[in-house]
Amino acid sequence: MIQSILVLGSGSAGLIAALTIKRKIPQVRVTIVRSPEIGIIGVGEGTTPNFPRHLFDYLGISRKEFYAIAKPTWKLGIRFLWGERKEFYYGFSQQLDAQWSALPKPNGYYCDDDFSAVDVPVAMMEQGKVFARQANGAPDVQPWHAFHIENVNLVECLERYARAIGVEIIDGKVVGAERGPKGISAVFTEDGRKFEADFYVDSSGFHSELLGKTLEEPFVSFDKSLFCDRAVVGGWERGADEPILPYTTAETMDSGWAWQIEHEHHVNRGYVYSSHFISDDQAAEEFTRKNPKAPKSPRVVKFRSGCYKRMWVDNVVAIGNAGGFVEPLEATALMVVCSESQTLVEFLLHSNLKPTETFRNLFNKALWNTWEEIRNFLALHYYANTRMDTPYWKACREETDISGLQELLAFYRENGPTGFGRHTLPHTGTDFGMEGYLVMMVGNKVPYQNRSTPTEAEWNIWRSAQAQNRAIASQAMTVKEALYFVHHPGWQWNSDTQPLIPQ
C-alpha cells in the first residue's frame, strides 16, 4: 500500500500534483523535493476551462482566496490572426458544434464569409468585453472562462496551498536515483541526503530525471507534425491606454507564430518558431521589429514536442513537462497537468492505494490518447493556415503529418461543418472536442463541396441573432471593470469554500 509519495520538482506541475494528491488522499505523506537552483519560468501562462474547474470544483479551493493571491485575469478563448480571414475567434463556448433551432443547418454553414458574433461569449471577445452585468451592476461571472496567470504568482499561490494542507517542501538538488525491484527506491541530493518513498511523481521538467533518465523510457517525438522547437520570450508593462483583453492572441509570423497573454499590469509576448527555418538572432530581430515595446534582447527557450511512450512506469508517474510537451499553442500544458493529476488520484483511490498493472496500462493508454489528440489538433492549425507563403508555412502545408485526421478532413471536404464529423475522430477526450476542429476548419476556410445556399429568410434569422449577440456584448463589462469588483474587499463568491490558508 502506498503510504508516502515524493514529488520531484515544485513548478506549477509538481505543486498541482502534490496539492491534488494531498487534498484527495490526506492520509498519504506527500513530500516535494526541489532544486533551489531552478528558478520559476517567469512567463505568463494561459489555461483552458478545466483549470478553474480543477481548482475550485474538484479541489474546493476558495475563489476569493485564489484571486487575491494569484491575481489572474480572464481568458474567454483565442483570437487568431491566422488563415485567409483578417481574424477569427475560438471561444470556450459552443459556436459551431451547435445549431440554432430556427435554422435547418448547423451554424458553420452560415460562416463562409462572416464568421463573427455566432454566440454571446465570442461577441464579447470581439468587443473586448468579458462578462455581462447583473441587475446590481456586478459582473455575471460565467463558467465558460479560463485564466491568464503570471507564473510567479501561480507558483507562490500553489506553494502556500500545498504547505497549508501538510505537503512538506524540501530544498535539495537531486543528482541521482536508485533503482529497485518496484522501480525507484530512493533519490539522492547533492549534499548527500537520501529520500525514500513508496511512489514517485516526476515533475522535474524537460530533464525528466526519473522517467526519462533513470528508467530510460523511450521518448516519442512529434516533430513530423509540429515543427516548432524554440521561442523568444519578452513582454512589457501595460500602458495606461492598453486595455486588458479577454483572450490570448495567436498571430502568424514568418517561421511560426506569436502569442500575447494579458495580465492586469503586464503584457506577455513570445514568438514560437522552428530553428530549421530561422536562427535565434533572426527570430529575435523579427520579434522586436514587430513588437517595439518588447525588450531588445528577448530570452530564448528551447523545447521539443513529444511525450514519453508511457507516463506511468513501475512506481513513477511523470506529470508536466517531465512526461510530455507540445508547444504553447492552445495552452495545453496546465490542461494536461490537471487532468493527469485527477486521473492519477482516482486510480489510486479505486485501487485502494495498491495500483495494479492493469490500472497502470489503462492510465498510459488514456494519456497516450490525450497527447495524440493534442498533436493532431495542433497539426491542423499549421496544415490549414494559408496566411503566408514563407518557406516555413509552405512546409507546414505540404509536409505536416496529419495522418491522424485524414478521415475527418475527407468527411469535412465532402460534407462541410457538421458535428457528425466527431465520429471520424480517433479520440475526443480533451477540452477541444469537435468544436475545436470545426473552428479551425471554418476559421481557416478549409474548402468543402456540400455547400448550403441559405434563403433570404434564413439569412434574416442569422443576422438578427448576430445583431442581438453584439447588442448584449456592447453592454458587458471590460476585464478592468470586472477586476475592480472581484478584488473589492466586500466581494463574495456564491457557494465559496472556506480558505485553506490560515489568515
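Leu353 sits in the loop that links helix 8 to helix 9 in this predicted model. Its phi is near 60 degrees, a positive value in a residue other than glycine. With a relative accessible area of 7%, Leu353 falls under the 20% cut-off and is therefore buried. Ser351 belongs to the loop between helix 8 and helix 9 as well, and its relative accessibility of 9% makes Ser351 another buried residue. A polar atom of the Ser351 side chain lies 3.2 Å from the backbone oxygen of Leu348.

The two helices on either side of this loop pack against one another. Two packed helices are described by the angle between their axes and the distance between the axes. For helix 8 (residues 332–350) and helix 9 (residues 357–383), the axes come within 11 Å and cross at roughly 165 degrees. An angle over 145 degrees counts as roughly antiparallel, so helix 8 and helix 9 are roughly antiparallel to each other. Their crossing is right-handed. On the helix 8 side, the contact is formed by Thr332, Met335, Val336, Glu340, Thr343, Leu344, Phe347 and His350. Helix 9 contributes Phe359, Leu362, Phe363, Leu367, Thr370, Trp371 and Ile374. By character, the residues of this contact comprise 10 nonpolar, four polar and one charged.

Thr332 deserves a separate look. This residue of helix 8 has a relative accessibility of 2% and so counts as buried. Leaving out residues up to four places away in sequence, Thr332 touches Val326, Glu327, Ile374 and Phe432. Of these, Ile374 is one of the helix 9 residues in the contact with helix 8.

A second helix pair involves helix 2 (residues 50–58) and helix 3 (residues 63–70), whose axes come within 10 Å and cross at roughly 130 degrees. Helix 2 is therefore oblique to helix 3. Here Phe51, Leu55, Phe56 and Asp57 of helix 2 meet Arg63, Phe66 and Tyr67 of helix 3. The residues of this contact divide into five nonpolar and two charged, with no polar ones.

Strand 17 (residues 248–253) holds Thr249, a residue that counts as buried because its relative accessibility is 6%. Beyond its neighbours within four places in sequence, Thr249 is in contact with Arg79, Leu81, Ala258, Trp259 and Gln260. By contrast, Phe195, 54 residues apart from Thr249 along the chain, has its C-alpha atom 44 Å from that of Thr249.

Strand 17 also takes part in covering two helices. In helix 10 (residues 391–399), the buried residues are Tyr392, Trp393, Ala395, Cys396 and Arg397. These pack against strand 17, strand 18 (256–262) and helix 9. Helix 7 (residues 280–290) has Ala283, Ala284, Glu286, Phe287 and Thr288 as its buried residues. Their cover includes strand 16 (230–237), strand 17 and strand 19 (266–273).

Asp314 offers another case of unusual backbone geometry to look up in the structure: although not a glycine, Asp314 has a positive phi of about 55 degrees. Asp314 is found in the loop between strand 22 (312–313) and strand 23 (316–318). At 34% relative accessibility, Asp314 counts as partly exposed, whereas Leu353, the residue with phi near 60 degrees, is buried.

Note on methods. Residues are numbered from 1 along each chain as its sequence is written. This is a predicted model: local features need pLDDT of at least 70, side-chain atom pairs count only at pLDDT 80 or more; totals for chains, interfaces and linings use all residues. Side-chain values use heavy atoms; hydrogens and water are left out. Axes are lines fitted to C-alpha atoms, for helices over the stretch in contact, and angles run from 0 to 180 degrees between N-to-C directions. Helices (H or I, at least four residues) and strands (E, at least two) are DSSP runs, numbered from the N terminus. Angles under 35 degrees count as roughly parallel, over 145 as roughly antiparallel, 65 to 115 as roughly perpendicular and the rest as oblique. A crossing is left-handed if the near helix is turned anticlockwise from the far one by less than a right angle, and right-handed if clockwise. Contact means heavy atoms within 4.5 Å. Ala, Val, Leu, Ile, Met, Phe, Trp, Tyr, Cys and Pro count as nonpolar, Asp, Glu, Lys and Arg as charged, and the others, Gly among them, as polar. Buried means under 20% relative accessible area, exposed over 50%, partly exposed in between (1.4 Å probe, protein chains only). A polar contact is a pair of N or O atoms within 3.5 Å; within protein, one must be able to donate a hydrogen and the other to accept it, and residues adjacent in sequence count only if both atoms are side-chain atoms.
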